[in-house]
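Grab a pencil and work through a few short exercises on the fold shown below. Each task comes with a solution that goes step by step.

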Amino acid sequence: MTEINTTPLVDVMLVLLMIFIITAPLFHQAVPVDLPRVEASRLDDRPKVIALAIDASGKIFVEGLAVSREALAARLAELAAAGGQPELHLRADRGTRYGRVTDVLADAHALAWRESLS
């Protein structure tokens, strides 16, 4: 037998065509709903972002300026006092020791904890 039997293919295509013909009009029917009008404008208040980076030698940079670990808490408090709850974006070099990263995160967390208590 060298011919391909197309009868099952045609049967399946006709069934799919009938399903499409029956269900297509259902997509356009909708229940009319009278939604309330909103008079408020959309809030676009994005939180302040503090960029914190640690290079391979362990130096800490806040907003691009090098700071010591002792001055880190004061600098973060100064930036956080500008208003709102800022986001902290931390970038660390691949060669940075993990302990240094956790120390910086612990300082930032302690500052956030103090700010939430006051």
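**Exercise 1. Work out how many helices and strands the protein chain has, and in which order they run.**

Step 1: count the elements. The protein chain has three helices and four strands; both are DSSP runs numbered from the N terminus, with at least four residues of H or I for a helix and at least two of E for a strand.

Step 2: put them in order. Starting at the N terminus, you get α-β-β-β-α-β-α.

A word on the model: it is predicted, so local features need pLDDT of at least 70 and side-chain atom pairs pLDDT 80 or more, while totals for chains, interfaces and linings use all residues. Numbering starts from 1 along each chain as its sequence is written, and side-chain values use heavy atoms, with hydrogens and water left out.

**Exercise 2. Assemble the sheet: which strands pair, and in what direction?**

Step 1: recall the principle. Strands of a sheet pair through backbone hydrogen bonds, either parallel or antiparallel. Here, two strands count as paired if DSSP finds at least two bridges between them.

Step 2: take β1 (residues 49-54) and β4 (residues 87-92). They run parallel and are joined by six bridges; A53, for instance, has R91 in β4 as its bridge partner.

Step 3: turn to β2 (residues 60-62). Three bridges tie it to β1, and this pair is antiparallel. I54 has I60 as its bridge partner, and L52 stands opposite V62. The two strands make a hairpin with five residues between them, and G58 in the turn has a positive phi of about 95°.

Step 4: line everything up. The open sheet reads β3-β2-β1-β4, with mixed pairing. β3 (65-67) and β4 each have a single partner strand, so one side of each has no neighbour in the sheet.

**Exercise 3. Find out which strands helix α2 lies across.**

Solution: helix α2 (residues 69-80) lies across β1, β2, β3 and β4, and runs at about 15° to β2. The angle is taken between N-to-C directions on a scale from 0 to 180 degrees, with axes fitted to C-alpha atoms, for helices over the stretch in contact (heavy atoms within 4.5 Å).

**Exercise 4. Is I22 buried or exposed?**

Step 1: locate the residue. I22 lies in helix α1 (residues 7-23).

Step 2: check its cover. Its relative accessible area is 56%, so I22 is exposed (exposed means over 50%, buried under 20%, partly exposed in between, with a 1.4 Å probe and protein chains only).

Step 3: zoom out. Of the 118 residues of the protein chain, 16% count as buried.
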